[in-house]
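Hi everyone, thanks for letting me take the slot today. I'd like to walk you through one protein model, starting with the whole thing and then zooming in on a few spots.

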Amino acid sequence: MSMRYLPHTETDIRQMLETIGVTEIDELFSGIPEPCRLQAPLDLPPALSESESMTILRALAEQNAKVSEWDCFLGGGAYNHFVPAVVDHLVSRSEFYTAYTPYQPEISQGTLQAIFEFQTMICQLTGMDVANASMYDGASACAEAVLLALRVGRKRNKVLLSEALPPQYRETIATYCRYLEVELIEVPQQDGVTDQAELAALLDDQVAAVAVGYPNYFGQIEDLQALAAAAHAAGAKLISAVAEPMALGMFKAPGELGADVVVGEGQSFGIPLSFGGPGIGFFAVKQKDMRALPGRLVGETVDLDGKRGFVLTLATREQHIRREKATSNICSNQGMCTLMVGIFLALHGKQGLRKLAELNYAKAAYAKQQIAALDGFELAFDGETFNEFVVTCKESVADLQQRLEKEGILPGISLIKDYPELGNGLLICVTEQNSREQIDRLVSALAGGEA
């Protein structure tokens with residue numbers, strides 16, 4: 001006897017559609033442009049054997065530009081950092097990958113402790129009081145931070161987004177707020193950082209939050225202290241979004257500079273690039289906003305014998321069974337990725353992470369200096385940067401990328417689509433994985449295109 005995959009009857013479907021005020025199921029897909037919708041059955045080739053499928057998949061995989069074989073200077077939110085072998089070894093242990101969802105602490109102490117340690121280290125990195133047990137990625141964490149600010153903002157309905165905030169973060173925030181009565185306003189960048197004069201002009205008593213990057217999308221270090229002071233003077237919260245958390249090993253923590261919410265992407269800490277995912281969002285707040293925190297939070301307690309133990313706490317059931325009343329619909333965490341980040345941070349420790357951050361900073365500074373000295377290239381912005389920097393080129397960025405790819409070099413990300421005002425802007429990223437020889441090859445290849 002077989003079971004239907006979708007158990008809804010025609011009556012069930014009709015009632016659900018009537019409840020939400022929709023006449024046909026197709027209307028649920030109105031947000032998808034007509035040309036993007038499938039108009040006919042998929043034109044699939046005949047079925048293949050496992051052996052034939054593997055041959056085709058291997059051939060497709062060989063077309064990928066692997067960072068182990070190419071000189072990669074791509075960043076923009078996903079960073080090529082070294083992952084010690086012990087990270088993969090430990091997360092592959094059966095105690096972790098077969099662990100039960102930690103609702104029942106008596107059989108989940110290992111998982112709960114690992115999450116608790118992750119939360120603790122995120123608090124130490126960000127300078128905040130409380131961190132949750134992770135989000136899906138940095139972009140969703142930033143969007144959830146905006147929702148938190150709106151919840152606690154006493155009916156304020158404006159959010160200011162720095163133009164230097166990663167474009168993907170801004171797009172995700174817009175998606176989250178699409179059907180809310182929220183006005184999203186972009187604050188222009190000036191010399192690669194948030195324009196403080198424009199920010200001051202836009203701040204009023206309806207602004208719930210100001211969201212900025214740290215470092216921002218251009219790799220620039222924002223003046224969080226000044227931005228926080230301006231936001232607080234208007235009664236708004238400052239959200240600091242950290243797409244490259246390696247910088248926190250070297251620069252002052254956002255919480256120490258006045259940030260009210262610190263979110264970001266933890267991929268740099270022990271998670272491989274993996275073609276853009278999965279990532280892991282972190283989310284930290286001050287004590288006063290703890291109960292507005294989305295997702296789950298692990299707390300420390302003692303058992304009946306007085307021994308140290310860990311339990312889920314402040315995770316409201318609404319997130320699981322009464323979603324319309326929930327602070328957030330994120331009710332799970334990136335468990336395996338959380339563990340990888342925790343192991344990576346514990347391995348390096350405070351001093352090790354600082355040394356690693358300084359190595360990244362030094363290599364990027366060398367590359368920036370060498371490229372800025374080339375004819376046909378100029379630094380787009382002044383100011384201190386971490387890992388990433390923007391140059392403008394006389395040569396078309398598309399031509400430059402195509403030319404260097406022939407030499408096995410991925411020179412950076414074109415900014416023409418997201419920041420056309422920069423002209424031929426190229427975002428270049430250098431990490432500890434880029435050797436002196438690789439950087440010199442990049443500089444030489446760029447110079448080869450001089451007129």
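I'll go from the overall picture to two helix pairs, then two buried residues, and finish with some backbone oddities.

First things first: what you see on the screen is a predicted model. So how many helices and strands does the protein have? There are 13 helices and 17 strands, so keep a finger on the numbering as we go.

Now for overall dimensions. If you draw a box along the principal axes, the C-alpha atoms fill roughly 70 × 65 × 50 Å. The radius of gyration is 24 Å, and a compact globule with 451 residues would be near 22 Å, so the two agree. As for burial, 45% of the 451 residues are buried. And here's one on how the chain folds back on itself: take the contacts between residues at least 6 apart in sequence, and 71% of those join residues at least 24 apart.

Okay, helix pairs. Two packed helices are described by the angle between their axes and the distance between the axes. Keep those two numbers in mind.

Pair one is α6, residues 138-152, and α7, residues 167-176. Their axes come within 8 Å and cross at roughly 50°. Are they parallel or oblique to each other? Angles under 35 degrees would count as roughly parallel, and this pair is therefore oblique. The crossing of α6 past α7 is right-handed. Who does the touching? On the α6 side we have G138, A139, S140, C142, A143, E144, V146 and L147, and on the α7 side Q168, Y169, T172, I173 and Y176. Sort the residues of that contact by type and you get 8 nonpolar, 4 polar and 1 charged.

Let's stop at one of those residues, I173, which sits in helix α7. Is I173 buried or exposed? Its relative accessible area is 0%, so I173 is buried. If we skip its neighbours within four places in sequence, I173 is in contact with C142, A143, V146, L161, L165 and L184. For a feel of the distances in this model, I173 and Q438 are 265 residues apart in sequence and 36 Å apart in space, going C-alpha to C-alpha.

Pair two takes us further along the chain, to α11, residues 335-372, and α13, residues 436-447. These axes come within 10 Å and cross at roughly 20°. That makes α11 and α13 roughly parallel to each other, because angles under 35 degrees count that way. Here too α11 passes α13 in a right-handed crossing. From α11, the residues that meet the partner helix are K363, Y366, A367, Q370 and I371; from α13 they are R436, I439, D440, L442, V443 and L446. The split for this contact is 7 nonpolar, 1 polar and 3 charged.

Our second residue to stop at is F377, which is in strand β13, residues 377-379. With 6% relative accessibility, F377 counts as buried. What does F377 touch? Leaving out residues up to four places away in sequence, the list is I371, A372, V391, T392, C393, L400 and L446. You've already met I371 and L446, in the α11 and α13 contact. Also, F377 and S444 are 67 residues apart in sequence but 13 Å apart in space, C-alpha to C-alpha.

Last part: the backbone oddities. Most residues other than glycine have a negative phi, and most peptide bonds are trans. With that in mind, where are the cis bonds I want to show you? One joins Y214 and P215, with omega about -10°, and P215 is in the loop between β7 and α9. Another runs from G277 to P278, with omega near 0°. P278 is in the loop between β9 and β10.

That β9 to β10 loop also holds F275. Phi of F275 is near 60°, a positive value in a residue other than glycine. F275 is at 73% relative accessibility, so F275 counts as exposed. D191 has a positive phi too, near 55°, and D191 lies in the loop between β5 and β6. D191 is partly exposed, with a relative accessible area of 36%.

That's my tour. Questions are welcome!

Methods:
Residues are numbered from 1 along each chain as its sequence is written. This is a predicted model: local features need pLDDT of at least 70, side-chain atom pairs count only at pLDDT 80 or more; totals for chains, interfaces and linings use all residues. Side-chain values use heavy atoms; hydrogens and water are left out. Axes are lines fitted to C-alpha atoms, for helices over the stretch in contact, and angles run from 0 to 180 degrees between N-to-C directions. Helices (H or I, at least four residues) and strands (E, at least two) are DSSP runs, numbered from the N terminus. Angles under 35 degrees count as roughly parallel, over 145 as roughly antiparallel, 65 to 115 as roughly perpendicular and the rest as oblique. A crossing is left-handed if the near helix is turned anticlockwise from the far one by less than a right angle, and right-handed if clockwise. Contact means heavy atoms within 4.5 Å. Ala, Val, Leu, Ile, Met, Phe, Trp, Tyr, Cys and Pro count as nonpolar, Asp, Glu, Lys and Arg as charged, and the others, Gly among them, as polar. The radius of gyration is taken over C-alpha atoms; the globule rule is 2.2 Å times the number of residues to the power 0.38. Buried means under 20% relative accessible area, exposed over 50%, partly exposed in between (1.4 Å probe, protein chains only).
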